[in-house]
Amino acid sequence: MADTFKDIRQMYSLTGRNYIVTGGGQGIGFAITRAICEMGGNVAVLDVRDQPVDAFKDLSKQFGVKTEYLQTDVTKEESLTSSFEEAIASLGSLDGLVPAAGIVIDKPFVEQTWDEVNKIQQVNVMGTFFATQLAVKQMRKQDTPGSIVLVASICAHQAAPGHKLSGYHASKGAVLMLAKALAVELAPHNIRVNSISPGYIESDMTRTLRQDHPHLVEIMQKCPPMKRIGNPNDLTPAAVYLLSDASAYTTGADILITGGLHAGRIEANSLD
Ligand SMILES: NC(=O)c1ccc[n+]([C@@H]2O[C@H](COP(=O)([O-])OP(=O)(O)OC[C@H]3O[C@@H](n4cnc5c(N)ncnc54)[C@H](O)[C@@H]3O)[C@@H](O)[C@H]2O)c1
């Protein structure tokens, strides 16, 4: 019987595996990139920024892995496809994907323009959809197992307190459902698809929201039952779990990491 137990540290290891992370130039995508490297994986980051955050350049040496940065716009078919080809050529093969590139807009529903909503859908939905399609094509070509972790949001589950994010909600609902549909369609090919749904997480995205809408400072800190905003380190263990063999029997799952906000919220004005 004891022989059937596996080494749990080994199950979480990503050593020698190859990953692509979109939106990994900063924020949550960078934190996940760093965590993959720390667990032994090689990562190609595809992001629209000219350069990733400074810490990116240290990852390769720090963790003895291969890293690559390819400036890419996930909304442009040509840009995404050619960067994928370059990433695969550099990594050699692909074991997993985290399409984390995303944007948000906080505006009343009736004021959101065609251009604004179209842009959100292009980045959050189309970018995720086609990055995932390219990853799956590669995994099918290799005929190897794979794991894909989509980045949904608490906004795929409920209206975010204090915000007006209808276009963003619509996009993240699509991402959540895409993960479930692909989990079923791709299970016979041994490709697992799961999602994480973060609540309020410290990043440029939430910093900009707070600058534009100061009332959100208190909401982000106080509405989650755990009474703090999350940080990217609160998400990385779940991403590693879902990418690794530790989650070998998990597909179509969504992990809500919200400080409890999805279970209920504490109204900011009722708190000390
Ligand atoms: N921060 C939060 O509270 C929160 C909560 C739930 C979900 N999310 C999701 O997490 C993901 C990461 O967000 P973040 O908070 O780190 O934001 P962020 O703004 O810090 O990072 C987003 C990254 O996506 C990249 N990006 C944007 N448009 C792109 C494009 N067209 N092509 C390629 N890259 C592009 C940006 O350059 C940036 O590096 C997003 O999908 C976001 O919707 C964030």
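Helices (H or I, at least four residues) and strands (E, at least two) are DSSP runs, numbered from the N terminus. With that in hand, welcome to the views below. This is a predicted model, in which local features need pLDDT of at least 70, side-chain atom pairs count only at pLDDT 80 or more, and totals for chains, interfaces and linings use all residues. Residues are numbered from 1 along each chain as its sequence is written, and side-chain values use heavy atoms, with hydrogens and water left out.

**View 1. The whole protein, with nine helices and seven strands.** The C-alpha trace spans about 55 × 50 × 40 Å along its principal axes. The radius of gyration is 18 Å, which agrees with the value near 19 Å for a compact globule of 272 residues; this radius is taken over C-alpha atoms, and the globule rule is 2.2 Å times the number of residues to the power 0.38. Of the 272 residues, 49% count as buried (buried means under 20% relative accessible area, exposed over 50%, partly exposed in between, with a 1.4 Å probe and protein chains only). Among contacts with a separation of 6 or more, 72% come from residues 24 or more positions apart, where contact means heavy atoms within 4.5 Å.

**View 2. The surface and its charges.** About 13200 Å² of the protein is exposed, and carbon and sulfur atoms supply 54% of that area (Shrake-Rupley method with a 1.4 Å probe; for residues, only the protein chains shown count as cover). The protein has 24 positive and 29 negative charges, and their mean positions are 3 Å apart. Here Lys and Arg count as positive and Asp and Glu as negative, while His and the chain ends are not counted; each charge is placed at NZ of Lys, CZ of Arg, CG of Asp or CD of Glu.

**View 3. R34 and E38, a salt bridge in helix 2.** Side chains of opposite charge can pair when their charged atoms come close. For E38 and R34, the closest N and O atoms are 2.8 Å apart (a salt bridge is a side-chain nitrogen of Lys or Arg within 4 Å of a carboxyl oxygen of Asp or Glu). The two residues are separated by about one helical turn because they lie four residues apart in helix 2 (residues 27-38). E38 is partly exposed at 46% relative accessibility, and R34 is partly exposed at 31%. A search of the whole structure finds 10 salt bridges.

**View 4. E116 and K107, another salt bridge.** The closest N and O atoms of this pair are 2.8 Å apart. E116 is partly exposed at 24% relative accessibility, as is K107 at 23%.

**View 5. K222 and E218, a salt bridge in helix 8.** Their closest N and O atoms are 3.4 Å apart. In helix 8 (residues 216-222) the partners lie four residues apart, so about one helical turn separates them. K222 is partly exposed at 21% relative accessibility, and E218 is partly exposed at 37%. Elsewhere, salt bridges that share partners join E202, D204, R207 and R210 into one network.

**View 6. N190 and K227, two loop residues with a positive phi.** Most residues other than glycine have a negative phi. N190 is not a glycine, yet its phi is about 65 degrees; N190 sits in the loop between helix 6 (166-186) and strand 6 (191-198). K227, also not a glycine, has a positive phi of about 55 degrees. K227 lies in the loop between helix 8 and helix 9 (236-243) and is partly exposed, with a relative accessible area of 43%.
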